Amino acid sequence: MATKTILMTTSGNDGDSSQASEDARLVLLRSLALLDTPPEVAFDNVVALARSLAGTPIALVSLVDAHRQWFKAKLGLDASETPRDDAFCAHAIAQEGVMWVADAAADPRFSANPLVLGAPHIRFYAGAPVTVRGQRIGTVCVISDHPRGFDRALAERLGMLAGLASNECEHRLTLHEMDEARREASAASRAKSQFLANMSHELRTPLNGVVGVASVLNQSDLDVEQHEMVSLIQTSGKNLAALLDDVLDISRIEGD
């Protein structure tokens with residue numbers, strides 16, 4: 001038998017639903033900002049463990065984009081990406097669990113694949129999906145140029161390694177979201193401070209007029225009651241000006 005899988009459920013959505021799902025997957029993949037980035041120890045460690053456990057010449061952390069698979073981490077392969085149409089990993093992300101191809105040359109899905117007929121001459125492939133928030137964005141996979149029968153223990157270990165890669169991606173996404181939230185909060189704080197400063201300026205202009213007129217009136221020939229009322233206007237105006245100064249001070253502190 002050419003292929004085996006464990007815990008396999010193939011995606012059955014078609015048409016608009018399938019395209020919407022793929023669009024959501026690509027949005028999440030790109031939001032991780034992993035594509036075309038330098039090597040990172042966390043992912044390099046995953047492929048090192050995968051190759052050691054499988055005893056294969058090639059191990060990869062592959063991310064499946066719209067038109068290619070790109071290798072975030074790799075051992076035993078010079079290429080940094082391949083077309084998605086040729087990618088075994090593009091098949092692996094269409095199902096849950098580990099996709100196991102015992103002999104690609106005998107599998108009708110892959111027998112005419114350029115990566116089977118030419119370098120790296122894939123015969124055996126096993127890939128576990130890297131899943132982030134319900135979206136399968138890529139795989140941890142191992143590859144050999146020799147056929148290999150199904151090994152449940154290895155399949156389970158690949159699943160665990162894919163879980164480690166998934167956790168690293170989840171952590172990265174959470175950090176990105178926290179940074180975005182901080183930027184939005186900072187922008188909102190700046191906007192509030194600017195509003196308070198503008199409001200204070202707009203209020204201060206007519207207030208200065210009121211206080212100035214009251215000062216002139218207080219020097220006029222007024223009776224006692226009128227002087228008291230004008231003095232009340234002056235005092236209230238000065239108190240309001242002090243409040244506006246306090247508002248400005250608070251906005252400056254929050255903006256720092």
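Author: In this predicted model, a helix is a DSSP run of H or I at least four residues long and a strand is a run of E at least two residues long, with both kinds numbered from the N terminus. By that numbering, P120 falls in the loop between α4 (114-117) and β6.

Reader: What makes the peptide bond between A119 and P120 a special case?

Author: The bond that joins A119 and P120 is a cis peptide bond, with omega at about 5°.

Reader: How many helices and strands does the chain have, and in what order do its elements run?

Author: The chain has six helices and seven strands, and from the N terminus on these elements follow one another as β-α-α-β-β-β-α-β-α-β-β-α-α.

Reader: How do you know whether the chain is spread out or a compact globule?

Author: The globule rule gives 18 Å for 256 residues, whereas the radius of gyration of the chain is 33 Å, well over that value, so the chain is more spread out than a compact globule. Along its principal axes, the C-alpha trace spans about 110 × 40 × 30 Å.

Reader: What share of the residues is called buried, and what do the contacts and the exposed area add?

Author: Buried means under 20% relative accessible area, and 38% of the 256 residues count as buried. Of the contacts between residues at least 6 apart in sequence, 64% join residues that are at least 24 apart. The chain exposes about 14000 Å², and carbon and sulfur atoms supply 57% of that area.

Reader: How far apart are the mean positions of the positive and negative charges, and how many salt bridges does the structure hold?

Author: The 23 positive and 34 negative charges have mean positions that are 10 Å apart, and the structure holds 14 salt bridges. In general, side chains of opposite charge can pair when their charged atoms come close.

Reader: Why is the contact between E40 and R172 called a salt bridge?

Author: The cut-off for a salt bridge is a side-chain nitrogen of Lys or Arg within 4 Å of a carboxyl oxygen of Asp or Glu, and the side chains of E40 and R172 meet at 2.5 Å, N to O, so the pair qualifies. E40 lies in the loop between α1 (15-31) and α2 (41-54) and R172 in helix α5 (residues 152-218), so this salt bridge ties together parts that are 132 residues apart in sequence.

Reader: Why are E40 and R172 placed in the classes they have, buried or exposed or in between?

Author: The buried class ends at 20% and the exposed class begins over 50%. E40, at 23% relative accessibility, therefore counts as partly exposed, while R172, at 16%, counts as buried.

Reader: What makes D107 and R109 a salt bridge, and how do the classes of D107 and R109 follow?

Author: Their side chains meet at 3.1 Å, N to O, which is within the 4 Å cut-off. D107 has 4% relative accessibility and therefore counts as buried, whereas R109, at 41%, counts as partly exposed.

Reader: How do you know that E177 and R133 form a salt bridge, and which parts of the chain does the pair link?

Author: The closest N and O atoms of E177 and R133 are 2.6 Å apart, again within the 4 Å cut-off. The pair links distant parts of the chain, with E177 in helix α5 and R133 in the loop between β6 (124-132) and β7 (135-144), 44 residues apart. E177, at 38% relative accessibility, counts as partly exposed, and R133, at 41%, also counts as partly exposed. Elsewhere, R30, D36, D65, R68 and E81 are joined into one network by salt bridges that share partners.

Reader: What makes the backbone at A33 and at D36 worth a remark?

Author: Phi is near 55° at A33 and near 60° at D36, and in each case this is a positive value in a residue other than glycine. A33 has its place in the loop between α1 and α2, where D36 is found as well. With exposed meaning over 50%, A33 at 42% relative accessibility counts as partly exposed, and D36 at 51% counts as exposed.

Reader: Why is V41 placed in its accessibility class, and how far is V41 from L63?

Author: V41, which is found in helix α2, has 61% relative accessibility and therefore counts as exposed. V41 and L63 are 22 residues apart in sequence and 16 Å apart in space, taken from C-alpha to C-alpha.

Note on methods:
Residues are numbered from 1 along each chain as its sequence is written. This is a predicted model: local features need pLDDT of at least 70, side-chain atom pairs count only at pLDDT 80 or more; totals for chains, interfaces and linings use all residues. Side-chain values use heavy atoms; hydrogens and water are left out. The radius of gyration is taken over C-alpha atoms; the globule rule is 2.2 Å times the number of residues to the power 0.38. Buried means under 20% relative accessible area, exposed over 50%, partly exposed in between (1.4 Å probe, protein chains only). Contact means heavy atoms within 4.5 Å. Accessible areas come from the Shrake-Rupley method with a 1.4 Å probe; for residues, only the protein chains shown count as cover. Lys and Arg count as positive and Asp and Glu as negative; His and the chain ends are not counted. The place of a charge is taken as NZ of Lys, CZ of Arg, CG of Asp or CD of Glu.
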